[in-house]
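Work through the exercises below with the sequence and the model at hand. Each task is followed by its solution.

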Amino acid sequence: MERTLSIIKPDAVANNNIGAIINIFEQAGLAVVAAKMVHLSQMQAEDFYAIHKARPFFGDLVRFMISGPVLVMALEGEDAVARNRELMGATNPKDAAPGTIRSLFAKTIDENAIHGSDSKENAANEIEFFFNNIELCVRTR
């Protein structure tokens, strides 16, 4: 079993797409092992997306991520990182395959509904950023 981080972004939260998005993950065999709603501070968003600090979109990304609450989740399942990325679809919803989360719920490349870890290493770091070990619930049933 592998874990990955997923964030339902402010646009999808505001549009009440949380349940539909979680359903996509669960139907695909990914289990939620931790979840919480948070309204990121500017410092939290800057720290979380620090890898993109030198990129021209960094400021806009941070402003978007602090514009409203997000739902942060740790997901678990076979090949969770790759499966999550497949379910999310391309970053630009115009390029996202039909039926993917971004094709269904994202409006633009900037407001693209969802974040997902891009590697096992980043997944571990991102999960640790938001959750402590006691908050991660092993699915025993």
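The exercises go from the whole chain to two helices and then to one residue.

This is a predicted model, in which local features need pLDDT of at least 70 and side-chain atom pairs count only at pLDDT 80 or more, while totals for chains, interfaces and linings use all residues. Residues are numbered from 1 along each chain as its sequence is written, and side-chain values use heavy atoms, with hydrogens and water left out.

**Exercise 1. Find which pattern of helices and strands the chain follows.**

Step 1. Take helices (H or I, at least four residues) and strands (E, at least two) as DSSP runs, numbered from the N terminus.
Step 2. Count them: there are 7 helices and 4 strands.
Step 3. Read them in sequence order, which gives β-α-α-β-α-α-β-α-α-β-α.

**Exercise 2. Compare the radius of gyration of the chain with that of a compact globule.**

Step 1. Use C-alpha atoms for the radius, and for the globule 2.2 Å times the number of residues to the power 0.38.
Step 2. For 141 residues the rule gives a value near 14 Å; the chain has 14 Å, so the two agree.
Step 3. Add the box filled by the C-alpha atoms, roughly 45 × 35 × 25 Å along the principal axes.
Step 4. Add burial: 45% of the 141 residues are buried, where buried means under 20% relative accessible area, exposed over 50%, and partly exposed in between (1.4 Å probe, protein chains only).

**Exercise 3. Determine which residues of helix α5 are buried, and what covers them.**

Step 1. In α5 (residues 80-88), the buried residues are Ala80, Val81, Asn84, Leu87 and Met88.
Step 2. These residues lie on the same side of α5, because their arc around the axis is only 135°; the arc is that of the directions from the helix axis to the C-beta atoms.
Step 3. Their cover, by contact (heavy atoms within 4.5 Å), includes β1 (2-8), α2 (18-27), β3 (70-77), α6 (101-105), β4 (114-116) and α7 (120-130).
Step 4. After α5 comes Gly89, with a positive phi near 90°.

**Exercise 4. Do the same for helix α4.**

Step 1. Phe58, Leu61, Val62, Phe64 and Met65 are buried in α4 (residues 58-65).
Step 2. Their arc is only 160°, which puts them on the same side of α4.
Step 3. The elements covering them include β1, α1 (10-14), α3 (42-48) and β3.

**Exercise 5. Is Val138 buried or exposed?**

Step 1. Locate Val138 in the segment after α7.
Step 2. Its relative accessibility is 59%, so Val138 counts as exposed.
Step 3. The C-alpha atoms of Val138 and Val32 are 9.5 Å apart, although 106 residues separate them along the chain.
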